[in-house]
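Trainee: Got a minute to go through a model with me? I'd like to start with what counts as a contact.

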Amino acid sequence: MVMSLDNLRGFALATSSSAFIGSSFVIKKIGLKKAGDVGVRAGSGGYSYLYEPLWWIGMVTMILGEVANFAAYAFAPAILVTPLGALSIIFSAVLAHFILNERLHMFGVVGCALCVVGSIDIVLHAPMERKIDSVCEIWQLATEPGFIVYSCLAVALALVLMFWVVHHTEQRKMLAYVAICSLFGSLTVISVKAVAIALKLSFNGVNQFVYIQTWFFISVVIICCLVQLNYLNKALDSFNTAVVAPVYYVMFTTLTILANMIMYKDWDSQNATQIASEVCGFVTIVAGTFLLHKTRDMGNTQPDSDSLRADCELQEHS
């Protein structure tokens, strides 16, 4: 199947985005560890990492990746762009192996290979981007009953996790952190795509910033990104990078694809064979990420120091 020029552009931007974002996980982890040695750790509610230069370098790297990802959504459908985030897991896992001594087992290498194969499958069978001539068209899609129900459920569940689950459980705290990031992340992607299309149309001579809907989508992006940043920092500081990255990817991608199916209906123009191929590609990526997750400690001869420190803190609180 031949990819369109816009899909190729989206693919190139999404791949470079994964390289930047995967690297940022490791750089920020180093910064968080250094900040935790001299102040209150992010996982304990501290913000000493704001004074750590390495953390800011990681932030700049992540911003570059997000800018590339942002641009990718202007050219290609989310069903193509979002699953390519799996490549960031490969970058982060390999860098963590060499820099953070979070050893990557042979099965982890197989997991990386599965992520690549699944990504290629999705890229080759991705649908064409839906033609949109105005941000008002996106607003009409966003105010349909199906997407309104999804948005309300996502926000309500995230609030329950933030204000009840996180404070009443320790064993599943990482999943709660990642779920909050993923729920808000799916709404972020919807809004990011709307803003990216608005910019693309504006550069083509049709100004979309005269519409209040464009500014609404920008506000949603800012609010959701701030929430994601806060809880992602908590997850990275308290748990192994090789755990956080794949679990976050699977949850975030699943919810994002679901949100886009409900709102943009990207699969309406595809036949059953193409849809089945995309689903198989995504399942392959999920298998790869969970293989990375399950074998995260098999390459380590000693327990991870962050995990030991987290266990000690849990014992002190109990």
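Mentor: A contact here means heavy atoms within 4.5 Å. Keep in mind that this is a predicted model.

Trainee: Fine. Which residues is Asp266 in contact with, leaving aside its neighbours within four places in sequence?

Mentor: Asp266 touches Pro77, Ala78, Ile79, Pro127 and Asn260.

Trainee: And how far apart are the C-alpha atoms of Asp266 and Pro127?

Mentor: They are separated by 6.7 Å, while the two residues lie 139 residues apart along the chain.

Trainee: Where does Asp266 sit?

Mentor: Asp266 is in the loop between helix H10 (241–263) and helix H11 (272–294).

Trainee: Is Asp266 buried or exposed?

Mentor: Buried. Its relative accessibility is 4%, and the cut-off for buried is under 20%, so Asp266 counts as buried.

Trainee: Zooming out, how many helices and strands are there in the protein chain?

Mentor: The secondary structure comes to 12 helices and zero strands. Buried residues make up 52% of the 318 residues in the chain.

Trainee: What share of the contacts between residues at least 6 apart joins residues at least 24 apart?

Mentor: That share is 84% in the protein chain.

Trainee: What about surface? How much does the chain expose?

Mentor: About 14,800 Å², with carbon and sulfur atoms supplying 70% of it.

Trainee: Switching to pockets. What volume does the largest pocket have?

Mentor: The largest pocket has a volume of about 890 Å³. It is lined by 34 residues, and the closest to its centre are Ile21, Met62, Glu66, Cys225 and Gln228.

Trainee: Which elements give two or more residues to that lining?

Mentor: Helix H1 (5–38), helix H2 (53–75), helix H4 (86–99), helix H8 (173–203), helix H9 (212–238) and H10. The largest share, eight residues, comes from H2.

Trainee: How do the lining residues divide into nonpolar, polar and charged?

Mentor: The lining of the largest pocket has 23 nonpolar residues, 10 polar and one charged.

Trainee: Back to H4. What span should its 14 residues have at 1.5 Å a residue?

Mentor: 20 Å. The expected span is 1.5 Å times one less than the number of residues. The end C-alpha atoms of H4 are 20 Å apart, so the two agree.

Trainee: Which residues of H4 are buried?

Mentor: Ala86, Leu87, Ser88, Ile89, Ile90, Ser92, Ala93, Ala96 and His97.

Trainee: And what phi does Asn101 take, just after H4?

Mentor: Asn101 has a positive phi of about 60 degrees.

Definitions and conventions
Residues are numbered from 1 along each chain as its sequence is written. This is a predicted model: local features need pLDDT of at least 70, side-chain atom pairs count only at pLDDT 80 or more; totals for chains, interfaces and linings use all residues. Side-chain values use heavy atoms; hydrogens and water are left out. Helices (H or I, at least four residues) and strands (E, at least two) are DSSP runs, numbered from the N terminus. Buried means under 20% relative accessible area, exposed over 50%, partly exposed in between (1.4 Å probe, protein chains only). Accessible areas come from the Shrake-Rupley method with a 1.4 Å probe; for residues, only the protein chains shown count as cover. On a 1 Å grid over the protein atoms alone, a cavity is a set of points where a 1.4 Å probe fits but cannot get out, and a pocket is an open set with protein on both sides within 12 Å along at least five of seven lines; lining residues have an atom within 4 Å of a point. Grid points are joined across faces, edges and corners, and a volume is the space filled by probe spheres set on the points. Ala, Val, Leu, Ile, Met, Phe, Trp, Tyr, Cys and Pro count as nonpolar, Asp, Glu, Lys and Arg as charged, and the others, Gly among them, as polar.
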